[in-house]
Amino acid sequence: LTRFLGEPNFDYNHDTVATVGYNFVHRATDSLTFRQNLQYSQEIWDYRNVIPYGLQADLRTLDRGAYGNRKVYDTFAIDNQAELKADTGALHHTVLFGVDYRWNQYQNDGTNSGVVGPIDIFTPIYNTGVFMPAFDYGTRQTLNSTGVYLQDQIKLDRWILTLGGRYDWSDRKTVDTFNVNGSSSGQKDNAFTKRAGLGYEFDNGVVPYFGYSESFLPLTGSAYDGTGSGKPLDPETGRQYEVGIKYQPKGTNLRMTAALYDLRRQNVTMRDSAHPGYLLQIGEVSSRGFEFEAVASLTSNLNLTAAYAYNDARVTKSIGADLGKRPVRSPPHLASLWADYTIREGALSGFGFGAGVRYVSESAGDSLNTFEAPAYTLVDAMVRYEIENWRFSVNATNLFNKQYVTGCSDDCAAGRGRTILGKVAYRW
């Protein structure tokens, strides 16, 4: 049983995304390769909704409010890499050096003060009128970030050692665009992060490994502070330990990977349900889990991919009542299965198709874990045709147009219906 408690002639959600870019590779010599990846994208998200405030004493009359929001995300990113393969005695090196730059601009305009009458949840009457004032807040945030990184993968006989480091600089500026003399604020952050890994190749195709990595991620968006500009978000940081096994039996097209991990992330963001358009930052979220993936070429035509992940996520540092609780939108179980078949001979050579199923378990619906968003299972499908350097493909997600909830953060979001995407690509 479902019941719509908004306003059919008022609620809408429009999301438009445009992306352009390229990937460039130049092999200067057998041992030296240059790469450059560039992309620009823009997303415009325009929506307005009627939201519930609470039931009255009769337990059937629901008080409601309304809000509207328009967000524009502009992103430009470029990554320049040089890869060098060289030997120093018995050591075989694959050295990767790179410099990347990212520019983000985030414009957030909206209002939280829409007025709409209550509704009877058992016998609803719609289209009673919504008063929606003009936008009463606006924020523009610009983020510039630059990173320099160096990594060396060293092979000695059967040992594989990976060492890497990265340094990031970021500069953010937030401006109140609603007020003529609106406030502005700036924030500069920088950090050095490192990673290391060690593995050993056995004769039977088994490779046990251990890995350690750190992360630093400057964030766009603002926390509510009572002003129009909002408070800039602190960068998200993280530290992960991982141990696992990779296995590829000799003479087969089967590859399996299993891993255990312990990940701790600081300044994790979540939506601020009390102030739409703003974000909250949790002190720390700890995730411990297990991942398994198997990829097999059963024949020269048929490929199969299976994956499962278990993630036990908990809030481990907080000044609020969510301490020890599961963070919202963090399902503990994920599973998927995908099959892909390609015709390689005859008149239909180059034609392929595939189908798969995805399962997402229930997840916490609010920060106090008082309810859960239900689990769901979706079916996807794909067809493609390749001829010479051309590739034509059509992908369908949620093939059977199933109604489901992607997750909740106090209130819940409906999942995307059947989506069909066509793509044409040319490689030269």
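What follows is a chat about how the labels put on this predicted model are earned.

Me: Before we start, what are the ground rules on numbering and confidence?
Reply: Residues are numbered from 1 along each chain as its sequence is written, and side-chain values use heavy atoms, with hydrogens and water left out. This is a predicted model, where local features need pLDDT of at least 70, side-chain atom pairs count only at pLDDT 80 or more, and totals for chains, interfaces and linings use all residues.

Me: How many helices and strands does the protein have?
Reply: Zero helices and 25 strands. Both are DSSP runs numbered from the N terminus: H or I over at least four residues for a helix, E over at least two for a strand.

Me: Why is Asp157 called exposed?
Reply: Its relative accessible area is 64%. Exposed means over 50%, buried means under 20%, and partly exposed is in between (1.4 Å probe, protein chains only), so Asp157 counts as exposed. Asp157 sits in the loop between strand 7 (137-156) and strand 8 (159-176), and its phi is near 55 degrees, a positive value in a residue other than glycine.

Me: And what makes Asn401 partly exposed?
Reply: Asn401 has 40% relative accessibility, which falls between the two cut-offs, so partly exposed is the label. Asn401 also has a positive phi, near 55 degrees, and isn't a glycine. You'll find Asn401 in the loop between strand 22 (390-397) and strand 23 (405-409).

Me: Why does Asp30 count as exposed?
Reply: Asp30 comes in at 84%, and the label needs over 50%, so exposed it is. Asp30 belongs to the loop between strand 1 and strand 2 (32-55). The C-alpha atoms of Asp30 and Ala90 are separated by 19 Å, with those positions 60 residues apart along the chain.

Me: What about Glu386: why is that one partly exposed?
Reply: At 36% relative accessibility, Glu386 is neither under 20% nor over 50%, so partly exposed is what's left. Glu386 lies in strand 21 (residues 376-387).

Me: Which residues is Glu386 in contact with, leaving aside its neighbours within four places in sequence?
Reply: Ser349, Gly350 and Arg391. Contact means heavy atoms within 4.5 Å. Asp58 is another story: 328 residues apart along the chain, the C-alpha atoms of Glu386 and Asp58 are separated by 63 Å.

Me: How much of the contact total comes from residues 24 or more positions apart?
Reply: They account for 61% of the contacts with a separation of 6 or more.

Me: What makes something a cavity here, and how many of 30 Å³ or more turn up?
Reply: On a 1 Å grid over the protein atoms alone, a cavity is a set of points where a 1.4 Å probe fits but cannot get out. A search of the whole structure finds one of 30 Å³ or more. The largest cavity has a volume of about 30 Å³, and its lining (residues with an atom within 4 Å of a point) includes Met270, Asp322 and Arg326.

Me: How does a pocket differ by definition, and what is the volume of the second largest one?
Reply: A pocket is an open set with protein on both sides within 12 Å along at least five of seven lines. The second largest pocket holds about 680 Å³. Of the 15 residues that line it, the closest to its centre are Asn23, Ala425, Tyr426, Arg427 and Trp428. Strand 1 gives the most to that lining, with five residues.

Definitions and conventions:
Grid points are joined across faces, edges and corners, and a volume is the space filled by probe spheres set on the points.
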